[in-house]
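Subject: Structure handover

Hello,

Here is the structure we spoke about, with the sequence alongside. My notes follow below it.

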Amino acid sequence: MYTDPIADYLTRVRNAIGAQHRVVNIPASNLKKEITKILFDQGYILSYKFEDDGVQGNIKIALKYKAETKESVIKEIQRISRPGLRKYSHSVDLPRILNGLGIAIISTSRGVMTDKQARRENVGGEVLCYVY
């Protein structure tokens with residue numbers, strides 16, 4: 001059992017990028033599925049597939065690399081709010097990552113979304129992670 005499943009998710013992705021793997025398997029949860037959808041929509045991963053095995057299921061993520069340099073599209077993926085120290089932010093105080101070039105993934109009362117979308121909808125929430 002993991003005390004921080006989101007940190008485990010991010011670490012698996014970070015380790016797979018470091019080892020230049022094409023695909024990474026991660027145990028599924030609803031929050032992890034939402035984070036995966038956001039990463040796909042923002043162009044940080046190539047594709048994903050949710051596999052249901054009857055118990056928990058898995059998420060298969062195909063990582064995205066630049067063709068000419070074989071360098072990952074994700075430069076850094078960093079956990080912000082953690083179980084020992086939760087980080088919450090109002091809609092006007094949401095962080096801007098690399099002056100808008102990166103994204104912050106926010107868990108709000110209206111679901112999981114990027115910082116830009118949360119600003120548009122004028123909602124705050126827990127800052128889960130930064131991706132750039």
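In which strand does Tyr-130 lie? Tyr-130 belongs to strand E8, which covers residues 125–131. Please bear in mind throughout that this is a predicted model.

Beyond the neighbours within four places in sequence, Tyr-130 is in contact with Glu-76, Ile-77, Gln-78 and Ile-80. Its other contacts on the same terms are Pro-95, Ile-97, Ile-103 and Ala-104. As for His-90, which is 40 residues from Tyr-130 along the chain, the two C-alpha atoms are separated by 16 Å.

The other part of my notes concerns two helices. H1 spans residues 5–18, and its axis runs 10 Å from that of H2, the pair packing at an angle of about 40°. H1 is therefore oblique to H2. The crossing of H1 past H2 is right-handed. On the H1 side, the residues that meet H2 are Pro-5, Ile-6 and Tyr-9. Their counterparts in H2 are Leu-31, Lys-32, Ile-35, Thr-36 and Leu-39.

Lys-32 deserves a separate entry. This residue sits in H2, which comprises residues 30–41. Lys-32 is buried but has no salt bridge. The nearest side chain of opposite charge is that of Asp-8, at 4.5 Å, and a salt bridge is counted within 4 Å. With residues up to four places away in sequence left out, Lys-32 touches Pro-5, Ile-6 and Tyr-9, and also Ile-26, Pro-27 and Ile-59.

Regards

Technical notes
Residues are numbered from 1 along each chain as its sequence is written. This is a predicted model: local features need pLDDT of at least 70, side-chain atom pairs count only at pLDDT 80 or more; totals for chains, interfaces and linings use all residues. Side-chain values use heavy atoms; hydrogens and water are left out. Helices (H or I, at least four residues) and strands (E, at least two) are DSSP runs, numbered from the N terminus. Buried means under 20% relative accessible area, exposed over 50%, partly exposed in between (1.4 Å probe, protein chains only). Lys and Arg count as positive and Asp and Glu as negative; His and the chain ends are not counted. Contact means heavy atoms within 4.5 Å. Axes are lines fitted to C-alpha atoms, for helices over the stretch in contact, and angles run from 0 to 180 degrees between N-to-C directions. Angles under 35 degrees count as roughly parallel, over 145 as roughly antiparallel, 65 to 115 as roughly perpendicular and the rest as oblique. A crossing is left-handed if the near helix is turned anticlockwise from the far one by less than a right angle, and right-handed if clockwise.
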